[in-house]
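Notebook open, structure loaded. I wanted to look through the fold piece by piece and jot down what turned up.

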Amino acid sequence: MRYKMLGTIIGREYLTKVKKKSFLLTTFLVPVIFVVSIVVLVLMMNRMDERAQNVAVVDQSGIAMPYFVNDGANTYTDCSTENPDSLKSALDARGMDVLVVVSPLDSVARTVTVSAYSRKPLGVDFSSGVSRKVSDAVEAYRISTYGIDNLEQIMKDVKASVSVQEYTLDDSGGETVSESGIYMMMSMILGIIIFLFITLFGGMVMSSVIEEKSSRVVEVLISSAKATELMFGKIIGVAMVALTQFLLWIVLSVVLLGVFRVIFGDRLFPSDPQQVVSAMGVDPAAAESLGVPTADLESMMTAPADTLATAAPQNEMSVVLSTLANVPWGQLIISFFIYFILGYLLYASFFAAIGSAVENEADTQQLQIPLTIPLMLGYFIALIAFRNPESGVVVWGSMIPFTSPIVMLSRIPYGVPMWELILSIALLALTFIACAWLSAKIYKAGILVFGKKSTFADLWKWIKQK
């Protein structure tokens, strides 16, 4: 292979792609859409408080009304002595938004039914709030029917909610707090990213090959360059385009977030602990009652990562921050780029071979099935990884080259022995070399075949050719 010619082809492929309007459009639009979506979501969360409503309550049971206490969103008015049917038609005239009717008490089932009437559909928060209030009333009534002194307090005392505190031990015996839910989210996100990137940019290689073949441009190119040089030049050129676009997405996203941070200030990314808790949709007083004091939150926001990794957890927020501090970020980032590049090269070689065997994308559906199956299988195994990262199917999935780019990345947050990581990468690299050699044989023969729909039998025949 002539490396100077290969470099020329890579440069041509790279410049052709980055100068296209579609590349420029997606490069700038994707970060904008991503960041704007985040900003809109955060601003919506900051404004998600329900509109204040005046609620008329007709309590026919005689047990529920004491539990309808006014709150920040709703004002409850006792209308138990009035006729519900009359109130329904006079809601607007009475200045009421909602009518809640609690049925008479069923003495046999010891329960009630609740109905709510309004001009506009009610939100889920309102319905669940009313349900909770009436449920508390029914529970209190049932407790009172037993005639046991202090039964309500006894039931509160016997209720228990025991959580498991997870610790990860290092080689020296040191322990750090961890939370499997954080690892689960990271596994899912990394698996999705690799899956999307391989299919997206691998498909770009295939489309590019089909475009050159259908337009007969390849006949001109093949007169001055070898078929294998064209294939590898196209694969590497698109890989460079992918990395360029990925890095630009990161840079542009960070810049846009900074711009919106300046525009919206603390409304977007609150720095004050009280605002952080409020932005999460939790009342600061309620957060205190749940064991998340804002004073501790402030100290955690300013504490260094190594302190969080070793400090004893005081609440859920400290567990999250400590878990994030324990993630092997260096290994994770390096492994991401290695698996992304090798996984892309492996599948891109197949996509290039498929593109050379057809003249339009409609004919690729059947030939793509063998590629789609292992990618989908790898993604599903990655979903199993957060349930049991050391299960046999997950470990083998992280070693088999056709699924390892997705599965191994989902295992790394949980910790992977270095020898397994090295073995997985080595197997992936060797498999790429072998498959690239086979794909090159298909590409060399198929790129000049016109007017015929290729089959798997044709691909096998081209592979056996010397």
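My entries follow, from the whole chain down to single residues.

**Entry 1: the whole chain**

First note to self: this is a predicted model. I started with the secondary structure and got 19 helices and six strands for the protein chain. The chain has 466 residues, and buried ones make up 40% of them. I also looked up the accessible surface, which comes to about 25200 Å². Carbon and sulfur atoms hold 65% of that surface. Then I checked how far along the sequence the contacts reach. Of the contacts with a separation of 6 or more, 68% are between residues 24 or more positions apart.

**Entry 2: the sheet**

In what order do the four strands of the open sheet lie? I read off S2-S1-S3-S4, with mixed pairing. S2 and S4 (114–118) are the edge strands, and each has a single partner strand, so one side of each lacks a neighbour in the sheet. On average, neighbouring strands are turned by 25 degrees against each other, if I ignore direction.

Next I went through S1 (residues 53–59) strand by strand. S1 runs parallel to S2 (residues 74–78), and five bridges join the two. On that side I found Gln53 opposite Asn74. S1 also runs parallel to S3 (residues 98–102), again with five bridges. Here I noted two facing pairs: Val55 stands opposite Val98, and Asp59 stands opposite Val102.

Is S1 mostly covered or mostly open? It is mostly covered, as six of its seven residues are buried.

I then looked for what packs on this sheet and found helix H4 (residues 124–145), which touches S1, S2, S3 and S4. The direction of H4 makes about 30 degrees with that of S3.

**Entry 3: the nonpolar cores**

How many residues does the largest nonpolar core have? I got 69, and the ones with the most contacts inside it are Val205, Ile235, Tyr344, Leu409 and Tyr443. Helix H14 gives the most to this core, with 15 residues. Apart from it lies another core of 16 residues, and Val55, Phe68, Val100 and Val112 are among them. I'd already met Val55 in the sheet, opposite Val98.

I picked Val205 for a closer look. Leaving out residues up to four places away in sequence, Val205 touches Lys234, Ile235, Val238, Tyr344, Ala348 and Ala352. Ile235 and Tyr344 are also on the list of residues with the most contacts in the core.

**Entry 4: aromatic rings**

I asked for aromatic pairs and the structure gave me 13. The one I wrote down is Phe246 with Phe336, a tilted pair at 5.8 Å centre to centre with 35 degrees between the planes. This pair links distant parts of the chain: Phe246 is in helix H8 (residues 227–264), Phe336 is in helix H14 (residues 329–357), and they are 90 residues apart. Both Phe246 and Phe336 are buried.

Which residues form the aromatic cluster? I listed Phe197, Phe201, Phe246, Trp249, Phe336, Phe337, Phe340 and Tyr344. Tyr344 is one I recognised from the largest core.

**Entry 5: a buried helix and a buried serine**

Helix H17 (residues 404–411) was next. Eight of its eight residues are buried, so the rest of the structure largely encloses this helix. The buried set includes polar names as well as Leu409: I see Ser404, Ser410 and Arg411 in it. Leu409 is also one of the residues with the most contacts in the largest core.

Ser356 sits in helix H14. Is Ser356 buried or exposed? Its relative accessible area is 0%, so I put it down as buried. Not counting residues up to four places away in sequence, Ser356 touches Val209, Lys213, Ile442, Tyr443, Gly446 and Ile447.

**Entry 6: one exposed residue**

To finish I looked at Tyr3, in helix H1 (residues 3–18). Tyr3 counts as exposed, with a relative accessibility of 67%. I also checked Tyr3 against Gly233: they are 230 residues apart in sequence, and their C-alpha atoms are 9.7 Å apart in space.

Methods:
Residues are numbered from 1 along each chain as its sequence is written. This is a predicted model: local features need pLDDT of at least 70, side-chain atom pairs count only at pLDDT 80 or more; totals for chains, interfaces and linings use all residues. Side-chain values use heavy atoms; hydrogens and water are left out. Rings of Phe, Tyr and Trp (its six-membered ring) pair if their centres lie within 6.5 Å; planes under 30 degrees apart count as stacked, over 60 as edge-to-face and the rest as tilted. Buried means under 20% relative accessible area, exposed over 50%, partly exposed in between (1.4 Å probe, protein chains only). Two strands pair if DSSP finds at least two bridges between them. A nonpolar core is a set of buried Ala, Val, Leu, Ile, Met, Phe, Trp, Tyr and Cys residues joined through side-chain atoms within 4.5 Å. Contact means heavy atoms within 4.5 Å. Axes are lines fitted to C-alpha atoms, for helices over the stretch in contact, and angles run from 0 to 180 degrees between N-to-C directions. Accessible areas come from the Shrake-Rupley method with a 1.4 Å probe; for residues, only the protein chains shown count as cover.
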